[in-house]
Each structure stands twice: as structure tokens, then as C-alpha cells.
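Work through the exercises below with the sequence and the 3D view open. Try each task before you read its solution.

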Amino acid sequence: MSLEKKYPKEVKQILAKYPPEHKRSAVMPLLYLAQREEGYINKTAMQDIAQILDITETEVASIVGFYTLYHDKKEGKYRMQVCTDLPCALRGAEEFMNSLCGNLGIKVGETTEDGLITLEGVMCLAACDKAPMFQIQGADGIEYHENMTVDRTMELISVLKRSGREVK
Amino acid sequence: MMEHILLRHRDIPDINRLDVYKKNGGFAAFKNAVTKMKPNEVTDVVKNSGLRGRGGAGFPTGMKWAFIDNKNWPHYVVANADESEPGTFKDREIMEGNPFQFLEGVAIASYAVGANAAYVYLRGEFWQLAAFLDEKIAEMEEAGYLGKDLFGTEYSLKIHTHLGAGAYICGEETAMLESLEGKRGQPRVRPPFPPSYGLYGKPTVVNNVETLTNVPLILANGADWYKSMGTADSAGVKIFSLSGRVRKPGNYELPFGTSFRELIYTHGGGVQDSRKVKAIMPAGASSSMILVDDEKVLDTQMDYATVRTLGADLGSASVIVIDDSVSMDWLINKTIRFFKHESCGKCTTCREGTYWMSHLTERIHDGTGTNADVDLLLNVAKQMQGKCLCALGEFSTMAVVTSIERFPQDFKKAVSKA
């Protein structure tokens, strides 16, 4: 089913934010909408968006490629994105990341065997005073977790595993 | 302790509720501006207050508003809420804690430049915050502070949020406009500047969140009140985001002219493990390194002009404290990794420069570099300066050049392992 058929209300709301003659502006919110389904944007969704906005599929794909929060392939259900940039690194983020890798038995960039968590190292998330910290990107949103310890992170992961809940 | 002007949620509980904000004088400045003042009179008050842009460049805000081209319509206001500089986390606290004052600032700026539509461009990671702001905007519409024919006049205003999707470069104002137009976030060649050619090619004012949050109280209390705080060159208060090796990192709202010592020791609780401050980065990862070889450096006033005497810029006042356990070859390897990742790829200087610098910093840091690599790194960085399309490329060279020049011993040590 096309994006417009599936989410008629949301598509309309998104388009209403921008002048009708500049509806291309809606490409980013529409991509987020498409990503809701499976945590990544498939080819059909890109075609849908291109059609809604009267732009080419290549132009839509170039947006997906440019911005780091859009994904074009399936990874873990949750992307755990740990900030290891300078201010966080000065407050122990690298040690935190190494211990997480050890506990999860994966390297940065890899996904746990059960397909639950993909561990990623990311750039500054504007939470430098609350390191170590990470965000969890799920299909339907992003959630911050700050002042974290490895123990609390492992607890959070087991909750995610049990509940299978969606991140808001 | 002085009452906060920006972080008012720390003094007034629940100021993020519309009734509480209103009870504390909220929206009176906007109503007064729309019903009793001409747009250029509003701009004049802001001009006279000495308010300068808080995103990093420090450009006089009122002057920017006065540049808006009145021969070309419609006009737009874009609030820069892309906050992505490593070390900066102030705008997020403002929007979470004191959202209405920020939104009232957006509204006043819009009235002053004749815009009927404003966009708040938030970095994609502020997903929850964007939803929160959408609720606050809806409450303002409900209460008659946004929408058609405001306060019985002919002035109308809509504010929309727009989420980015993870790109530091979108904090650069023309890249932000490209992104808002649904394109890749790559800076435009300037001039023309946004006040003449902005969003959709129309005159646009782009202001940082903190800048706009100052505006309602400046209108309410007058330009002289604002100018009475801070220094002659840097009027008013600033939120200093303090991070790195301090005991109490966080946001501290202080008048311009406060010393580094007061920020780090009185507010920040001093350095972790009671070590010595080795260097200060006053403008996040884009900083030149301030060498702290003399205790007196810590007594330097934090304002735009005085920080410059130390060979650095205050920028967004994201103060990262570096202690004597840190080696500069490690530090610049971190900052260069960041800039290489965030380079948009449009101009050759930055795309190639950050790529080659990252190879050199990596090698020097892992102990396989030589003296010649350090010389080459310095050479590449200096060659880039003045040749980049936007400030990102320039910023990438700051920490590299000043680390090598001001902390040569760290690099000597790093290459001695080879």
C-alpha cells in the first residue's frame, strides 16, 4: 500500500506546513514517516515520496544518503547510538563503549545475534554534561538515555528484549 | 545569585505551562509590539540593546533584522535549533525548560521583519523535543497568540517545527535553508546573504534559539536594562555550556565578562581529580586551543573581545576544559574525525582537507607518525584556511594549528614512538 493511502492524515498534515509551490520541503518529514514501518526506507517508499513531491527518485535517495538518521537497509530493531565525541570521551565514553561491546559480544557497527541491537558510535548529541550517553533510534522515534552506566544499559536492553515495545 | 533571564525555569517552576508563563509577564512584550509598535521600532530596541547572535558568530541581531529586503516578499524567520557543536547543549535546555519565552522571541522577530511564517529547524535527534514544541505551539494558537489577525490587528503568524536528520553542517544558516527546502544540507555561496536571498529565495532572518529567547525580556525591560549587564563589547548574559574534565558540568547563565576561573571553579566545582587545567576550548570543537601555562589566563574575562586577546574566539561559549592528563595528539584526532564525518563534500578544500588531516592525525596518534607528518599536518591545515566555502572547513583547522603551535611537546612525544 502506498504511503499516501496508508497515512492519509499524516501526509496531509506534513504537506500543510510548507507553501504548496514548495512542497519539496516535505521530503524529510515524509522520509521519517516511511521509516516508521520497518526502521529503514525501502525503494517503494522512495518512489511514493518522489511521486507525492514531483521530484525524482534519485533526489529522494540523495536525501536518504546525506543524512545519518535515515537508513536504507535493515539492521537491528533498535540502533543504540553512543556518543564518543570529544566532550563525552573526556568523561569516559570510550571506556563505556568498550565495555558495552564486551557485554554484548559485538563490535561497533555490528548487530546482536537476536537482531535486537545495532551498536553505533555517533557524533555529538548535545548532551555533553550527561556523558556517558546514547540515543536509541527505533522505527518510531528517538529516545535519549543520559548519565548511563554499563549495568543500567544492560538492564535497559533486557527490558527492551522482554517487552518488545516500540520506542516513542 | 541573580535571577535567570534565559534559564528562568530554574527560578520559576512550571514556566513551561502557558498559564504560568503568562502570569510571569509572558506574551506582554509580543502583544505590546504588535498593537503599539511599528516593526522598525522593535528592531531599533534590539539594535540598541547590543544583543549579538549566540550561535557562535556574534553578529549584531538588530542589524541583521534591519538588513531584511523590504522590496521582496514574503519574508521568513528561521530559528536555528540545530545545536550540534560538540560541547554545546544550551538550546535544548532552553526549549525544554522555557519554551514559551523562546517561541515568543520567534514571534517578536517575525513581527519585526514582517514574516507571517516562521520555522524552527531542530536537529533530528531532538525528536521528543519537536513533539513537545508542537504541543506548545498548539497551546499558543488556542490562546490567540498565534494565528490570524492577532490581538485585533491585521498581523498573522504561523510557527512550524522542522526536524533535520543528523548533519552538523545544517547549523550553517544557508545549509539549513537548503535542508528546509528539501535538499541536501550544503551551504550556498554567499553573498547574497539570507536577509536578501533566504528560504525559497525570499528575505529570511536566521537566529539561534538563545538569541531569540533574549528578545521578549529586552522588549519588556528596555535596551538600557540589557546593556547594563555584560561588557561594553558584549552586552547581556550568556549561557556557558561547561563540559570536559570538570566536577560539575552543565549550563551556567552568567553575564559576559565573567572569568574562566569563576565558571570552572565556582560554578563547575573545579577540575576532576584536582588536576591542573592545561587548555580551554571556549567554542566547542571549533575552538582554537587556549594555552593555560599561567594561572593568570584563568582570570581572563569571557567576552568576545577579551577572549580574542588569547588567540581564540568565544564562539558559542561551549567551554570544554582539558586537564593535564590529556595529550593534544589524541584530542585533535577526535576533532578531525568529527569534521571529516560532518564535511558536506561540496567544496574540495574541506572534503579533501579533512580527509587527509584525518589520516595524519590517526597516524600521529597511534604512534607510527614522524616529525615530517606533524609538519605536513600543520601545512595542510594552514593551506585550507581562507579557502573553504563555509566556516566548517575553517573550524576544522583551528584546534589542529593551535595544538601543534602551542603544545609542541605533545607532538614530539607522540612521534618519538615511531
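**Exercise 1. Strand pairing in chain B**

Task: How many bridges join strand β1 (residues 75-81) of chain B to strand β2 (residues 115-122) of chain B, and do the strands run parallel or antiparallel?

Solution. This is a predicted model.
- Step 1. Count the bridges: 7 join β1(B) to β2(B).
- Step 2. Check the direction: the two strands run parallel.
- Step 3. Find residues that face each other. V77(B) stands opposite A118(B) in β2(B). V78(B) stands opposite Y119(B).
- Step 4. Turn to β4(B). Here 5 bridges join β1(B) to β4(B), and this pairing is parallel too. The bridge partner of V77(B) in β4(B) is V205(B).

**Exercise 2. From pairs to a sheet**

Task: What is the strand order of the open sheet of 4 strands in chain B, and which are its edge strands?

Solution.
- Step 1. Write the order: β3-β2-β1-β4 of chain B, with parallel pairing.
- Step 2. Pick the edges. A strand that pairs on one side only is an edge strand, and these are β3 (158-163) and β4 (204-208) of chain B.
- Step 3. Add the twist. Neighbouring strands of this sheet are turned by 20° against each other on average, direction ignored.

**Exercise 3. The two faces of β1(B)**

Task: Which residues of β1(B) point one way, and which the other way?

Solution.
- Step 1. Recall the rule: in a regular strand, side chains alternate between the two faces of the sheet.
- Step 2. Sort the residues. H75(B), V77(B), A79(B) and A81(B) point one way. Y76(B), V78(B) and N80(B) point the other way.
- Step 3. Test for burial. β1(B) is mostly covered, with 7 of its 7 residues buried.

**Exercise 4. Classifying aromatic pairs**

Task: Why is the pair F66(A) and Y67(A) edge-to-face? Then classify W225(B) and Y226(B).

Solution.
- Step 1. Get the total: the structure holds 22 aromatic pairs over all chains.
- Step 2. Take F66(A) and Y67(A). Their ring centres lie 5.0 Å apart and their planes meet at 75°. Planes over 60 degrees apart count as edge-to-face, so this pair is edge-to-face.
- Step 3. Take W225(B) and Y226(B). The centres are 5.9 Å apart and the planes are at 55°, so the pair is tilted.
- Step 4. Compare accessibility with the cut-off: buried means under 20%. Y67(A) has 1% relative accessibility, so Y67(A) counts as buried. Y226(B), at 0%, is buried as well. W225(B), at 26%, counts as partly exposed.
- Step 5. Look for a larger grouping. Y21(B), F27(B), F30(B), F100(B), Y145(B) and F151(B) form one aromatic cluster.
- Step 6. Look for a charge over a ring. The charged end of R123(B) sits over the ring of F126(B), 5.8 Å from its centre.

**Exercise 5. The surroundings of S318(B)**

Task: Where does S318(B) lie, and is S318(B) buried or exposed?

Solution.
- Step 1. Place the residue: S318(B) is in strand β9 (residues 318-323) of chain B.
- Step 2. Read the accessible area. At a relative value of 0%, S318(B) is buried.
- Step 3. Find a side-chain partner. S318(B) and S316(B) are joined by a polar contact of 2.7 Å between their side chains.
- Step 4. Leave aside neighbours within four places in sequence. The contacts of S318(B) then include E85(B), G87(B), T88(B) and S241(B). M281(B), P282(B), A283(B) and G284(B) are also among them.

**Exercise 6. The surroundings of Y304(B)**

Task: Which residues does Y304(B) touch, not counting residues up to four places away in sequence?

Solution.
- Step 1. Place the residue: Y304(B) lies in helix α12 (residues 304-308) of chain B.
- Step 2. Read the accessible area: 3% relative, so Y304(B) is buried.
- Step 3. List the contacts: R52(B), G53(B), R54(B), G58(B), D233(B), S234(B), F256(B), L314(B) and G315(B).
- Step 4. Examine G53(B). Its backbone oxygen lies 3.4 Å from a polar atom of the Y304(B) side chain.
- Step 5. Examine D233(B). Y304(B) and D233(B) are 71 residues apart in sequence, but 7.1 Å apart in space, C-alpha to C-alpha.

**Exercise 7. Chain A as a whole**

Task: How many helices and strands has chain A?

Solution.
- Step 1. Count: 8 helices and 4 strands.
- Step 2. Read along the sequence of chain A: α-α-α-α-α-β-α-α-β-β-β-α.
- Step 3. Check burial: buried residues make up 55% of the 168 residues in chain A.

Key. Residues numbered from 1 in each chain as written. Chains lettered and ligands numbered in written order. Predicted model: local features only at pLDDT ≥ 70, side-chain atom pairs only at ≥ 80, totals over all residues. Heavy atoms only, no water. Phe/Tyr/Trp six-rings, centres within 6.5 Å; stacked < 30°, edge-to-face > 60°. Buried < 20%, exposed > 50% of the residue type's maximum accessible area, 1.4 Å probe, protein only. Lys NZ or Arg CZ within 6 Å of the ring centre and 35° of its normal. Pairing = 2+ DSSP bridges. Axes fitted to C-alpha atoms, helices over the stretch in contact; angles between N-to-C directions. Polar contact = N/O pair within 3.5 Å; in protein donor to acceptor, adjacent residues only side chain to side chain. Contact = heavy atoms within 4.5 Å.
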